[in-house]
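Please work through the following exercises with the sequence and the model open beside you, and try each task before reading its solution.

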Amino acid sequence: MSAQLPTGTQADELASAARVDPGGARQTVAIRATGAYTPEKVLTNNELTHLVDTSDEWIVSRTGIRERRIAAPDETAADMAVQAGARAIEKAGLSPADIDLVIVATITPDMPFPSTACLVQTRLGMRNICAFDVEAACSGFIYITEIATAMLQSGRFRHALIIGTEKLSSILDWNDRSTCVLFGDGAGAAVLSRGEQHGNGSLSVLDTRLGADGAASNILYMPGGGSRIPASAESLAAGHHFLKMNGREVFKIAIRIMEQATRDILARNDVPLDRVACIIPHQANSRIIEMLSERMQVPMDRFHINLDRLGNTSAASVPLALDEVLAQGKIASGEYAVLVAFGAGLTWGATLLRG
Ligand SMILES: CC(C)(COP(=O)(O)OP(=O)(O)OC[C@H]1O[C@@H](n2cnc3c(N)ncnc32)[C@H](O)[C@@H]1OP(=O)(O)O)[C@@H](O)C(=O)NCCC(=O)NCCS
């Protein structure tokens, strides 16, 4: 007998039953601790003026970025992820042997395969546990938060290590002033565990909303290195292995998507905007965050910003910011916080947390 697909109305009912569950299973996963790693080398705007025709004044006024961190030539996305992951596990009061799931979000994996998660797993001394990568660009950390939460809620896993890590300096065209000034390197990690609270500073993961629109895949992408344009002398000469971006288009869409994603996650959990202590947005451009603040009527001091020091670190951006927020005690017990991001794909997502 063939399976019966739900009708449109039934499907809607099922979808809404699955998501409107603020008091149920969704509260049974918590971010127990976070960890961060940024490379030692600081690259200032003034140093960039030696590479491309730009100025500190232009970069600061258009983006808010003053400096970014750049990984050493032999330092990889996995190397940075190992540092951030080890810190998160230690702060969680666990040992690597307690972790039974590793998920890494990155668009700059050490290599196309094996996954960076497998490299991190073995380097942290973990054996025989599930490990895989997710590619959702700057929304990557929100995507892996949702995936890890669902896998923990399934009852099959107990403690997940999730990491956003990027060596964006390895895919930038250092002759292209419209992109090379925007990005930086780093890694941010979190340990998620089943059970509501795990001591001071832990955050309940209440809900996540994800989205994507592949129709806009051509405004932020890297054409080379995949099956469409494998590496060749011609592809390298044509610069296909560099990040390409239509900055103006990304800018416009980013504001609309981040506002919508934040409003949606709050609406479906009946949390008013004024009860949100801290919004932790993807760190792409301070003007995007300022416009978000204006449109949502949320004061700028409730948005956490570190892009002035780190630039845009893609999948590492949200967890690096979250690590700072927790270190600064910005989310008191019982207070709400929102993670929100957008990125290539296009992808987007928002997560509602409670201290
Ligand atoms: C990239 C971005 C900063 C450009 O700012 P902008 O105000 O839109 O600037 P424009 O692209 O309109 O360019 C304006 C001028 O500045 C120039 N310019 C671009 N980069 C420059 C730089 N680093 N230094 C000096 N001038 C620069 C352009 O060539 C252009 O010159 P022209 O008018 O003579 O053609 C902005 O569009 C942005 O942040 N977009 C979103 C990017 C993003 O978030 N990406 C990551 C997504 S996850």
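Three exercises follow, each with a worked solution.

The model is predicted, so local features need pLDDT of at least 70 and side-chain atom pairs count only at pLDDT 80 or more, while totals for chains, interfaces and linings use all residues. Residues are numbered from 1 along each chain as its sequence is written, and side-chain values use heavy atoms, with hydrogens and water left out.

**Exercise 1. Describe the surroundings of Ser-314.**

Step 1: Locate Ser-314 in the loop between α11 (307-310) and α12 (317-327), where helices are DSSP runs of H or I with at least four residues and strands are runs of E with at least two, numbered from the N terminus.

Step 2: Ser-314 has a relative accessible area of 1% and is therefore buried, a class that means under 20%, against over 50% for exposed and partly exposed in between (1.4 Å probe, protein chains only).

Step 3: List the contacts, meaning heavy atoms within 4.5 Å; leaving aside residues up to four places away in sequence, Ser-314 touches Ile-107, Ala-137, Cys-138, Glu-166, Leu-168 and His-282.

Step 4: With Glu-166, the side chain of Ser-314 also makes a polar contact of 3.3 Å, that is, a pair of N or O atoms within 3.5 Å, of which, within protein, one must be able to donate a hydrogen and the other to accept it, and residues adjacent in sequence count only if both atoms are side-chain atoms.

**Exercise 2. Decide how many disulfides the model holds, and explain why Cys-130 and Cys-278 are unpaired.**

Step 1: Apply the rule that a disulfide is a pair of cysteine sulfur atoms within 2.5 Å; the count comes to 0.

Step 2: For Cys-130, the closest cysteine sulfur is in Cys-118 at 8.7 Å, which is too far for a bond; Cys-130 is partly exposed, at 30% relative accessibility.

Step 3: For Cys-278, the closest cysteine sulfur belongs to Cys-138 and lies 19 Å away, again too far for a bond, and Cys-278 is buried at 2% relative accessibility.

**Exercise 3. Identify the residues closest to the ligand and the polar atoms that face the ligand.**

Step 1: Counting residues with a heavy atom within 4 Å, 23 surround the ligand, and the closest are Thr-54, Arg-62, Arg-177, Arg-248 and Asn-285.

Step 2: Take the ligand oxygens: one oxygen atom is 2.7 Å from an N or O atom in the side chain of Arg-62, and a polar side-chain atom of Asn-285 lies 2.7 Å from an oxygen atom of the ligand.

Step 3: Turn to nitrogen: a nitrogen atom of the ligand is 2.9 Å from a polar backbone atom of Gly-247.
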